[in-house]
Amino acid sequence: QVQLVESGGGLVQPGGSLKLSCAASVRDSVIYAWGWFRQRAGDQRDHVATIRSGGNTDYNLSVKDRFTLSVGNAENTVYLSMTDLKPEDTAVYFCYQDTPGRDRIWGQGTQVTVSS
């Protein structure tokens, strides 16, 4: 069973930066998509960013030009670099992965808090 483990969350001031990591316990040969969702307190889980097989990426409009998704050289880790963070970016960030023949898997989540 593949597991996703997130890290890198924390408390940061408005305008600051954080880099989240999501490490997969097994490197799958084929990954349709993986990326990040976030969930603010009391809200639904919203899409943040996705990278698909072939390297195409897409971002929620609210984070486009501030957040960047990338895959590590070993291809078993995906990163979310976040800059110019705003209080409304405060949420629990969840990593996910889609692969053939398997339901979507989720990480346990990492808290990001943007506050002065």
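This is a guided tour of a predicted model, to be followed in a viewer one selection at a time.

**Stop 1: strand β4 and its partners**

Select residues 33-39, which make up β4. Of the 7 residues of this strand, 6 are buried, so β4 is largely enclosed by the rest of the structure.

Now add residues 45-52, which are β5. β4 and β5 pair in the antiparallel sense, with 7 bridges between them. To see one facing position, select Arg 38 and Asp 46: Arg 38 stands opposite Asp 46 in β5. The two strands form a hairpin, and 5 residues lie between them. In that turn, click on Gly 42, whose phi is positive, about 80 degrees.

Next add residues 91-98, strand β9. β9 also pairs with β4 in the antiparallel sense, over 7 bridges. Here the facing position to select is Gln 39, which stands opposite Val 92 in β9.

**Stop 2: the aromatic cluster**

Keep β4 and β9 on screen and show the side chains of Phe 37, Tyr 96 and Trp 106. These three residues form one aromatic cluster. The model has 3 aromatic pairs by the rule used here. One of them is Phe 37 with Tyr 96, an edge-to-face pair with 5.4 Å from centre to centre and 80 degrees between the planes. Phe 37 belongs to strand β4 and Tyr 96 to strand β9, so this pair ties together parts that are 59 residues apart in sequence. Are Phe 37 and Tyr 96 buried or exposed? Both are buried; for Tyr 96 the relative accessibility is 3%.

Move from Tyr 96 to Trp 106. Their ring centres are 5.8 Å apart and the planes stand at 45 degrees, so this pair is tilted. The pair links distant parts of the chain, since Tyr 96 is in strand β9 and Trp 106 is in strand β10 (residues 105-106), 10 residues apart. Trp 106 has a relative accessible area of 33%, which means that it is partly exposed.

**Stop 3: Arg 45 over two rings**

Select Arg 45 together with Phe 94 and Trp 106. Where does Arg 45 lie relative to Phe 94? Arg 45 is over the face of the Phe 94 ring, at 3.7 Å from the ring centre. Arg 45 also lies over the face of Trp 106, and there the figure is 4.6 Å from the ring centre.

**Stop 4: the largest pocket**

Turn on the surface and look for the largest pocket, which has a volume of about 250 Å³. It is lined by 14 residues, and those closest to its centre are Ile 31, Trp 34, Ser 53, Val 71 and Glu 75. Select these five residues to find the place. The strands from the first stop come back here: β4 and β5 each supply at least two residues of the lining. Coloured by type, the lining divides into 6 nonpolar, 4 polar and 4 charged residues.

**Stop 5: strand β11**

Select residues 110-114, strand β11. In a regular strand the side chains alternate between the two faces of the sheet. In β11 the covered face holds Thr 110, Val 112 and Val 114, while the uncovered one holds Gln 111 and Thr 113.

Add residues 10-12, strand β2. β2 and β11 run parallel and are joined by 3 bridges. Val 12 is part of β2 and stands opposite Val 114 in β11. What is the relative accessibility of Val 12? It is 10%, so Val 12 counts as buried. Val 12 and Val 112 are 100 residues apart in sequence, yet 7.9 Å apart in space, C-alpha to C-alpha.

β11 also pairs with β9, in the antiparallel sense and over 3 bridges. Select Tyr 93 to see this contact; Tyr 93 stands opposite Thr 110 in β11.

**Stop 6: two loop residues with positive phi**

Finish with two aspartates. Asp 65 lies in the loop between β6 (57-59) and β7 (67-71). Its phi is near 75 degrees, a positive value in a residue other than glycine. Asp 65 is exposed, with a relative accessible area of 75%.

Asp 84 lies in the loop between β8 (77-82) and β9. Asp 84 is not a glycine either, and its phi is positive, about 45 degrees. With a relative accessible area of 38%, Asp 84 is partly exposed.

Conventions
Residues numbered from 1 in each chain as written. Predicted model: local features only at pLDDT ≥ 70, side-chain atom pairs only at ≥ 80, totals over all residues. Heavy atoms only, no water. 1 Å grid on protein atoms, 1.4 Å probe; cavity = no way out; pocket = protein on both sides within 12 Å on 5 of 7 lines; lining within 4 Å. Points joined across faces, edges and corners; volume = space filled by probe spheres on them. Helix = DSSP H or I, 4+ residues; strand = E, 2+ residues; numbered from the N terminus. Nonpolar A, V, L, I, M, F, W, Y, C, P; charged D, E, K, R; others polar. Buried < 20%, exposed > 50% of the residue type's maximum accessible area, 1.4 Å probe, protein only. Pairing = 2+ DSSP bridges. Phe/Tyr/Trp six-rings, centres within 6.5 Å; stacked < 30°, edge-to-face > 60°. Lys NZ or Arg CZ within 6 Å of the ring centre and 35° of its normal.
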